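Me: I would like to learn how to read a small fold from its atoms. Can you take me through one case, feature by feature?

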Amino acid sequence: MVELDNGSNILAYLPRLRHYIKILVGDRVKVKLDNNDHNKRRITYRMRNK
């Protein structure tokens with residue numbers, strides 16, 4: 001589950017074998033809308049903390 005900035009939660013998953021994205025609890029990520037199922041999102045990028 002991914003919590004958005006507005007407080008709502010969505011189901012997001014990592015892509016298979018295309019990119020290796022290591023995420024931990026509390027990381028900020030970018031998500032992309034899945035074309036087949038609009039209730040699922042794909043995690044595309046992990047934002048770096050500065």
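**Reading the strands and the pocket**

Reply: Start with a single pair: Val2 has Ile10 of S2 as its bridge partner. Keep in mind that this is a predicted model.

Me: Which residue is the bridge partner of Glu3 in S2?

Reply: Asn9 in S2 is the bridge partner of Glu3. S1 and S2 pair in the antiparallel sense, over 2 bridges.

Me: How many residues lie between the strands in the hairpin of S1 and S2?

Reply: There are 5 residues between them. Look at the backbone there too: Gly7 takes a positive phi near 100 degrees.

Me: Now step back. How many helices and strands does the protein chain have?

Reply: The count is 0 helices and 4 strands. From the N terminus, the elements read β-β-β-β.

Me: In what order do the strands sit in the sheet?

Reply: The order is S1-S2-S4-S3, in an open sheet with mixed pairing. S1 and S3 are the edge strands, and each of them pairs on one side only.

Me: Where does the mixed pairing show up?

Reply: Go through the pairs in turn. S1 and S2 are antiparallel. S2 and strand S4 (residues 40-46) run parallel, joined by 3 bridges. S3 and S4 are antiparallel again, over 5 bridges.

Me: Which residues of S4 should I look at for the bridges?

Reply: Take one from each side. Arg41 in S4 is the bridge partner of Ala12. Arg42 in S4 is the bridge partner of Lys32.

Me: How do I read the side chains along a strand?

Reply: The general idea first: side chains in a regular strand alternate between the two faces of the sheet. Strand S2 (residues 9-13) is the case here, with side chains that alternate. Ile10 and Ala12 point to one face and are buried. Asn9, Leu11 and Tyr13 point to the other face and are not buried.

Me: Is Glu3 buried or exposed?

Reply: Glu3, found in strand S1, has a relative accessible area of 57%. The cut-off for exposed is over 50%, so Glu3 is exposed. Leaving out residues up to four places away in sequence, Glu3 touches Ser8 and Asn9.

Me: What about Leu14? Where is its place in the chain?

Reply: Leu14 is in the loop between S2 and S3. Its relative accessible area is 38%. Partly exposed runs between the 20% and 50% cut-offs, so Leu14 is partly exposed. Beyond its neighbours within four places in sequence, Leu14 is in contact with Ile21, Ile23 and Ile43.

Me: How do I set sequence separation against distance in space?

Reply: Use C-alpha atoms and take two pairs. Glu3 and Leu14 are 11 residues apart along the chain, and their C-alpha atoms are separated by 15 Å. Leu14 and Asn36 are 22 residues apart in sequence and 16 Å apart in space, C-alpha to C-alpha.

Me: And for the whole chain?

Reply: Count contacts between residues at least 6 apart in sequence: 31% of them join residues at least 24 apart. The C-alpha trace spans about 35 × 30 × 15 Å along its principal axes. Buried residues make up 14% of the 50 residues. The chain exposes about 4,800 Å², and carbon and sulfur atoms supply 48% of that area.

Me: How do I find a pocket?

Reply: The general idea is that a probe the size of a water molecule, rolled over the atoms, shows where empty space is left. In this model, the largest pocket has a volume of about 390 Å³.

Me: Which residues lie nearest the centre of the largest pocket?

Reply: Val2, Glu3, Asp27, Arg28 and Val29 lie nearest its centre, among 16 lining residues. Strand S1 (2-3) and strand S3 (29-33) each supply at least two residues of the lining.

Me: How does the lining of the largest pocket divide by residue type?

Reply: The lining holds 11 nonpolar, 1 polar and 4 charged residues. Glu3 ties the topics together. Asn9 is its bridge partner in S2, and Glu3 is among the residues nearest the centre of the largest pocket.

Definitions and conventions:
Residues numbered from 1 in each chain as written. Predicted model: local features only at pLDDT ≥ 70, side-chain atom pairs only at ≥ 80, totals over all residues. Heavy atoms only, no water. 1 Å grid on protein atoms, 1.4 Å probe; cavity = no way out; pocket = protein on both sides within 12 Å on 5 of 7 lines; lining within 4 Å. Points joined across faces, edges and corners; volume = space filled by probe spheres on them. Nonpolar A, V, L, I, M, F, W, Y, C, P; charged D, E, K, R; others polar. Buried < 20%, exposed > 50% of the residue type's maximum accessible area, 1.4 Å probe, protein only. Pairing = 2+ DSSP bridges. Contact = heavy atoms within 4.5 Å. Areas by Shrake-Rupley, 256 points an atom, 1.4 Å probe, with all protein chains shown as cover.
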